Amino acid sequence: MTTPEHKTMPTHPRHLSSVTAWDMETDVVVAGFGGAGACAAIEAHDNGAAVMIFELASDSGGSTKLSSAEIYMGAGTRVQQACGIEDSVEDMFRFLMASNGPIADEAKVRAYCEGSVEHFDWLTKTLGVPYKDSVYPHRAIMALTDDCLLYTGSEKAWPFAQTAQPAPRGHNLQVEGDNGGALFAKILKENVEKRGIGVHFEARALTLITDDEGAVHGLVVRIDQQERLVRARRGVVLCCGGFVMNESMLRKHAPMLLGATQPIGNPGDTGSGILMGQGAGGSAINMHEGFVSVPYYPPASLTNGIFVNAQGQRFINEDCYHGRVGYYCLQQPGQRVFLVASASDFGDYPQGSYLNAQFAGTAEESVAELENELQLPAGSLQQTVAYYNAHATQAEDPLFHKSPEWLKPLELPLAAVDCSPGRGAFYPFFTLGGLDTRVSGEVLTPEGEVIRGLYAAGRTACGVPRTAAGYCSGISVGDASFSGRQAGRSAATRD
Ligand SMILES: Cc1cc2nc3c(=O)[nH]c(=O)nc-3n(C[C@H](O)[C@H](O)[C@H](O)COP(=O)(O)OP(=O)(O)OC[C@H]3O[C@@H](n4cnc5c(N)ncnc54)[C@H](O)[C@@H]3O)c2cc1C
C-alpha cells in the first residue's frame, strides 16, 4: 500500500489494520546501516534470523565510518594482557559508573564491562577487526600510528583515579593515521555481505507499523519515491544514530549543546529513529546531554597550563579528558574561557592543534599584563597564578587535584588562547540522549513496559555514555557495536 509521503510522520505509526499487503517480509528489520545497525544485523543473522537492513544513504557507515573508531574495552582484553596492562571488570565498572555520575545506567554499565573481553574477541575473531598488541603512550585524542592502547578518558585524573585503578582502554585499529572508522565500516560491510543479509540503500525508514496493543509489526520505508511496507516477524531494530543534525530538536532538548560550535556526525543524524520510537510509545531519556570537547591537546604540554573563566579563576584539573574539560567550559559564567600556559608549553600549537583558539594575550614581564589584556578583574589572574604556582612547586593542587605529572609552575613569558565558546575555538559535539532501553535493546515506555517487537541501539538509544563530563573516547562506537549486538540477538531470539 502506498500513502502520500507528506502524511507519514515518524511520530505517527501506521496501524496494522491499514496494511492490506506487505511489500517485503523478514524476521528482523534493521533501520540504519552504521555501527549499531551492522552489528545488530550480523548478530541477528548469526542467531538464526532472516534480516533486512534499510539505510537512507547510498552506502553504509554513518557516523561510525567518519569516526576514529576507537573502541573502549577493558577487563583484560588480549591487547591489554599482551602489553602487561592490569585491568578488571570491577575497575572498569567503577570508573564508568563514577564518570557517568548519577545518570549512569548500572545494568548497562555492568553488562558492558562484563561483556567487554567477549566483545573484543567477537570483533577480532568473528569479524576480523585488527588490533596490534601495542601501546600508544602519548596523551592524545587519537592514535595516529597503528598502535592500539591509549588512555581515552579521565581514568588517571582526579576524582576517578581515586575510585578505580586506571588502565588504558581505548583500542585503536591497526591502521596508520586517523583511519579507524573507514576500516571498521569496511569490515562491518564485508561481514554483512558475506552473510547474504539483504541491504537496501537509499531506503529511508519513515515510521513503524503497530497494532492495538502497541506491539510493532513492521516498518514503512521509502524506496524510489514509493512507500513500502516491510513486515518484521520478530522485531524492528532502530539504529538511526542521534539528533545532532536536527537543530529544532537540539533547541528543544539540548540547548546547552548549542553553546558548542560544530555538530559532528552524518546528515542522517536527524533523530528520526528516536522519533519513530517515541511514536510507538517509547520513552526518550537524557535528551539534554551530549558529548562536547575542547581539544586542547596535542600538544600534551598544554596540560601544564590552566583554564580560567571570566573571574580569572580555575574550574577544573586540566589533566582531565578534553570532553570533560569542554563540558565545564560550557558551564562557565559568561562563557568566557582562556587557556593560560607558559609560552614554551605551546610547542607546535599553531601547526599541531585541533583547537583553533586564537591568541588573546601574552605576558613578558608580569601576570598583570596578561590579566589586563584579557580584561579580567584586577588581581584575579595574578592571584590564581600565584596560588597555583606556590602549590605546583610542591607538586600539589589543593583546589582540583591535578596530577603531579602535569603540575609545573607557570613561568613568564606566558600566553593565553581564547577558548570562549563562539569565539573561534573548535567545540565539536553530538547527542547522547535517546530511547530508553533494557540491556537487551528492548524499547521501554515511560512506565517502563517493554514495547513488543521494538529494539533500539547505538545513538538512537540512551546507552552507556551519558554525559561529556564523564565521556571517554571509544565509548560510543563501543556502545553502538555492543548494544547493536544485544538488540540483534534479542530480536532474533524473541518468542
Ligand atoms: C568525527 C567523529 C569522530 C568520532 N570518533 C569516535 C571514536 O573514535 N570512538 C567512539 O567511540 N566514538 C566516536 N565518535 C562517535 C561515534 O562515531 C558515534 O556515536 C557512533 O558511531 C554512532 O553509531 P550509530 O550506529 O548509533 O550511528 P551511525 O553509525 O551514524 O549509523 C546510523 C545510520 O542510520 C542511518 N539513518 C539515519 N536515519 C535513518 C532512517 N530514517 N532510515 C534509514 N537509515 C537511517 C544513517 O544514514 C547512518 O548510516 C565520533 C564521531 C565523529 C562524527
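This is a dialogue on reading several features of a predicted model.

Me: Where should I begin with the ligand, and which residues come nearest to it?

Reply: A useful way in is to list the surrounding residues and then look at individual atom pairs. There are 37 residues around the ligand, and Ala36, Glu55, Ser63, Thr64 and Val477 come nearest. By class, this shell holds 16 nonpolar, 17 polar and 4 charged residues.

Me: Which elements each supply at least two residues of that shell?

Reply: Helix 1 (35-46), helix 2 (62-66), strand 8 (203-210) and helix 14 (475-492) each do so.

Me: What polar atoms of the protein lie by oxygen atoms of the ligand?

Reply: Here one reads distances between N or O atoms, with 3.5 Å as the limit for a polar contact. In the side chain of glutamate 55, an N or O atom is 2.6 Å from an oxygen atom of the ligand, and a polar side-chain atom of threonine 64 also lies 2.6 Å from a ligand oxygen. From the backbone, isoleucine 475 has a polar atom 3.5 Å from an oxygen atom of the ligand. As for cover, the ligand taken alone exposes 1000 Å², of which the protein buries 93%.

Me: Is threonine 64 buried or exposed, and what is it in contact with beyond its neighbours in sequence?

Reply: The reading rests on relative accessible area, where under 20% counts as buried. Threonine 64, which lies in helix 2, has a value of 11% and is therefore buried. Once neighbours within four places in sequence are left aside, threonine 64 is in contact with Gly34, Gly35, Gly181, Phe184 and Val477.

Me: Why is helix 10 described as largely enclosed by the rest of the structure?

Reply: One counts buried residues along the helix and then asks what covers them. In helix 10 (residues 322-330), 8 of the 9 residues are buried, so the rest of the structure largely encloses this helix. The buried residues are His322, Gly323, Arg324, Val325, Gly326, Tyr327, Cys329 and Leu330. Their cover includes strand 13 (290-292), strand 14 (306-309) and strand 15 (337-342).

Me: How many residues does helix 6 have, and what span should they give?

Reply: An expected span can be set against the distance between the end C-alpha atoms. The 12 residues of helix 6 (residues 116-127) should span 16 Å at 1.5 Å a residue, and the end C-alpha atoms are 15 Å apart, which agrees. For the buried positions, it helps to recall that an α-helix has 3.6 residues a turn, so residues three or four places apart point the same way. The buried residues of helix 6 are Ser116, His119, Phe120, Trp122, Leu123, Thr124 and Leu127. After helix 6 comes glycine 128, with a positive phi near 90°.

Me: Which residues that are not glycine have a positive phi?

Reply: Among them are alanine 69, with phi of about 55°, and alanine 75, with phi of about 65°. Alanine 69 sits in the loop between helix 2 and strand 4 (71-72), and its 2% relative accessibility makes it buried. Alanine 75 belongs to the loop between strand 4 and helix 3 (78-82), and at 16% relative accessibility it too counts as buried.

Me: Where should I look for cis peptide bonds?

Reply: The angle to read is omega. Between tryptophan 158 and proline 159 the peptide bond is cis, with omega near 0°, and proline 159 is in the loop between strand 5 (149-150) and strand 6 (170-171). Leucine 412 and proline 413 are also joined by a cis bond, with omega about -5°, and proline 413 lies in the loop between helix 13 (380-392) and strand 17 (414-418).

Key:
Residues are numbered from 1 along each chain as its sequence is written. This is a predicted model: local features need pLDDT of at least 70, side-chain atom pairs count only at pLDDT 80 or more; totals for chains, interfaces and linings use all residues. Side-chain values use heavy atoms; hydrogens and water are left out. A residue is near a molecule or strand if one of its heavy atoms lies within 4 Å of it. A polar contact is a pair of N or O atoms within 3.5 Å; within protein, one must be able to donate a hydrogen and the other to accept it, and residues adjacent in sequence count only if both atoms are side-chain atoms. Accessible areas come from the Shrake-Rupley method with a 1.4 Å probe; for residues, only the protein chains shown count as cover. Helices (H or I, at least four residues) and strands (E, at least two) are DSSP runs, numbered from the N terminus. Ala, Val, Leu, Ile, Met, Phe, Trp, Tyr, Cys and Pro count as nonpolar, Asp, Glu, Lys and Arg as charged, and the others, Gly among them, as polar. Buried means under 20% relative accessible area, exposed over 50%, partly exposed in between (1.4 Å probe, protein chains only). Contact means heavy atoms within 4.5 Å. The expected span of a helix is 1.5 Å times one less than its number of residues.
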